[in-house]
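Work through the exercises below with the model open beside you. Try each task before you read its solution.

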Amino acid sequence: LFHSLKQSKIMPIDINNIRAYKGGDPEKWRKYMTQRFKSPTIVDDVIALDEEWRDRTKEKDEIRRQVNKLQKEVIAPKKKKKEDCTAEIAQMKAMQAQIKDIEKELPVMAAKRDNLLSKVGNLVDPEVPISQNEDEDNLVVGLYPEPLPEAPAIPCPLGKLTYTLPPTKPLQHDDLLWRIDGYEPQRGQAVAGHRAYFLKNAGVLLNQALINYAIAFLRKREYDVLQPPYFMNKDVMAGIAQLEDFDEQLYKVSGKTDDPDGATEKYLIATSEQPICGYHRNEWIEEKALPFRYAGISTCFRKEAGSSGKDIRGIFRVHQFEKIEQFCVTLDSFEESSKEQMRMRLAAEEFYQSLGIPYRVVCLVSGELNDAAVKKYDLEGWFPGQGTYRELVSCSNCTDFQARGVGARCGSKKGGKKDASGMDQKASYVHFLNSTLCATGRGICCVLENYQVEDGVKVPEVLVPFMGGIDFLPFKRGPMEATKGEKKQKKGK
C-alpha cells in the first residue's frame with residue numbers, strides 16, 4: 001500500500017504556486033496572507049529570493065556550457081594537434097572553480113528562500129469569515145439542541161445571533177470535581193507546580209470512561225486506533241509545528257548529556273496529531289488505499305505559556321491531559337478533504353449528542369487560523385455553571401500543508417517522468433485533517449456542570465457501562481476552601 005521515499009527538504013506550500021512563469025498565481029497567495037492578517041509582502045520577498053537563486057543557477061549553467069564548449073572546441077583539438085593549451089586549461093580551471101563557488105552558494109540561497117516560504121500560510125476556504133473578531137464574526141453553523149420555538153436561521157455571525165440559551169446551574173466544574181472527591185489540586189501543585197493535579201476516585205473513573213467510550217465510538221466507525229510515542233525528534237516536530245509553538249506550547253526533553261549541538265533533542269507532544277502526521281513520513285501511498293482514518297489516543301503536554309491567569313481552578317486548562325483525536329488522510333483533492341472535514345465534524349457532533357451536551361459549532365474567523373488550516377470548526381459545549389459556551393473540539397482541514405512537511409505522497413509510479421525518489425513527477429501530496437473527539441479534562445468539566453443535581457452528579461447513560469455500572473456520583477465533601485492567594489484577592493477587592 002505504501003513505500004518509503006528518500007527524505008528531502010519539503011516546504012509546506014509548493015513554491016510553484018507563486019512562480020508566475022510556472023503557471024502559479026502569486027496574487028492569490030498575497031490575498032490569502034492578507035485574509036490571515038499577515039503581511040502579503042512576504043510573498044514578494046520569496047519571489048525576489050527565488051529569482052536571485054534562479055539567476056545564479058542560470059549563471060552556473062552558462063559557465064558550465066562555456067567550459068564544455070572550450071574543452072570540446074579548443075582544448076581537445078589543440079591537444080590532438082599537440083599544440084600548447086596551457087592558457088586555455090588555466091581558463092577552464094578558473095571557470096570550474098567559479099562553478100564550485102556558485103554550487104556552494106546555491107544551497108544557502110535556497111535555504112534562505114525556503115525558510116521564508118515556510119512562513120506563507122495555506123489557502124483560506126471561501127466559507128471562512130475574513131475577520132480578527134471572534135466574538136462578533138465567528139460563523140455559527142450548528143446548534144444543539146435546536147432552540148425552539150425561535151429556531152434562528154444559521155449560518156449566522158455570532159454577534160448577530162439571538163436565541164434563548166440553555167438553562168444555567170449553580171456550581172462550576174472545579175467545585176463539582178472536588179465535591180465528588182474527584183481530584184486533589186493542591187497536592188498536585190505541591191508535586192509538579194502550577195496547573196498540576198491528582199485525579200482521584202470518581203475523577204479517574206470519568207477520565208477512563210471517556211477514553212474507552214471514545215475508542216469504542218470511533219472503532220464502530222472503522223477507525224484504526226493508534227497510541228503514538230509521547231515525544232518526537234526535533235527534526236520531525238519541526239516539519240509539523242509552527243515556530244511559535246516551540247516557545248508557547250512544547251516542552252523540550254533533553255537527550256544525551258554529551259550533546260552540545262542538541263542533535264538528540266526531543267519534544268513532548270501537545271496532541272497525537274503531531275506524531276500521527278509523521279506516521280506516513282516519507283512514504284508514497286497508493287490512491288486506492290485512501291482514505292485512512294485514525295483514532296489517536298495519548299496524553300498531551302502543553303506549556304500554556306500564553307494563558308497566564310486563565311482558568312486557574314479545575315482541570316479545564318492544564319499542562320497534562322488525555323485526548324482522543326480523529327486524524328484522517330485523503331487524496332490530494334480539496335473536494336475530498338472538504339467532505340472528510342464535514343464527516344469528522346458530524347462525528348464529533350454525534351459524540352456530544354450521545355453524551356447529552358448542548359453545543360454550538362462555529363467556523364472560526366480567518367485571523368484565528370494557524371498557518372496549516374484552510375478552515376477550522378470549533379464545537380463549543382455549554383457550561384451551565386459558567387453560563388457560557390467553551391471549546392471542546394477543534395476540527396481542521398490542513399490540505400497538503402502538513403503532508404508536504406513530512407513528505408507523505410500519493411500518485412502513480414507508472415508512466416511519465418520520474419523524480420529522484422522514483423515517483424511520477426505529477427504525484428501529489430495527500431491531505432491531512434485533524435479533529436478533537438474528546439479532550440477528557442474538558443469533557444469531564446462539561447459533563448459535571450451539565451449533569452449536576454442537588455446532592456451529586458448523574459453519569460451520562462452512554463458512560464455507565466464504562467464506569468462499571470456506576471450511574472451516580474454523590475457529593476462526599478463540601479466546597480473546597482479558598483487558597484491563600486484567593487483569600488488575599490478577596491481582601492483586596
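The exercises cover helix packing, a small set of strands and some backbone details.

This is a predicted model: local features need pLDDT of at least 70, side-chain atom pairs count only at pLDDT 80 or more, and totals for chains, interfaces and linings use all residues. Residues are numbered from 1 along each chain as its sequence is written, and side-chain values use heavy atoms, with hydrogens and water left out.

**Exercise 1.** Classify the packing of helix H7 with helix H13.

Step 1. Locate the helices: H7 covers residues 202–220 and H13 covers residues 440–451. Helices (H or I, at least four residues) and strands (E, at least two) are DSSP runs, numbered from the N terminus.

Step 2. Take the geometry. The angle is about 110°, and the axes are 10 Å apart. Axes are lines fitted to C-alpha atoms, for helices over the stretch in contact, and angles run from 0 to 180 degrees between N-to-C directions.

Step 3. Apply the classes: under 35 degrees is roughly parallel, over 145 roughly antiparallel, 65 to 115 roughly perpendicular, and the rest oblique. H7 and H13 are therefore roughly perpendicular.

Step 4. List the contact (heavy atoms within 4.5 Å). H7 brings Gly203, Leu206, Asn207, Leu210 and Ile211, while H13 brings Thr440, Gly443, Ile444 and Leu448.

**Exercise 2.** Are helices H2 and H3 roughly parallel or roughly antiparallel to each other?

Step 1. H2 spans residues 41–80 and H3 spans residues 86–117.

Step 2. They pack at about 160°, with axes 9 Å apart.

Step 3. H2 and H3 are therefore roughly antiparallel.

**Exercise 3.** Find the edge strands of the open sheet that has 3 strands.

Step 1. Write the order: E7-E9-E8, with antiparallel pairing. Two strands pair if DSSP finds at least two bridges between them.

Step 2. E7 (231–233) and E8 (252–253) each have a single partner strand, so they stand at the edges.

Step 3. Check one pair. E7 and E9 (residues 266–268) share 3 bridges, and Met232 stands opposite Tyr267 in E9.

**Exercise 4.** Which peptide bonds leading into Pro145 and Pro155 are cis, and where do these prolines lie?

Step 1. Recall the background: most residues other than glycine have a negative phi, and most peptide bonds are trans.

Step 2. Tyr144 to Pro145 is cis, with omega near -10°. Ile154 to Pro155 is cis, with omega near 10°.

Step 3. Pro145 lies in the loop between E2 (139–144) and E3 (156–157). Pro155 is found in the loop between E2 and E3.
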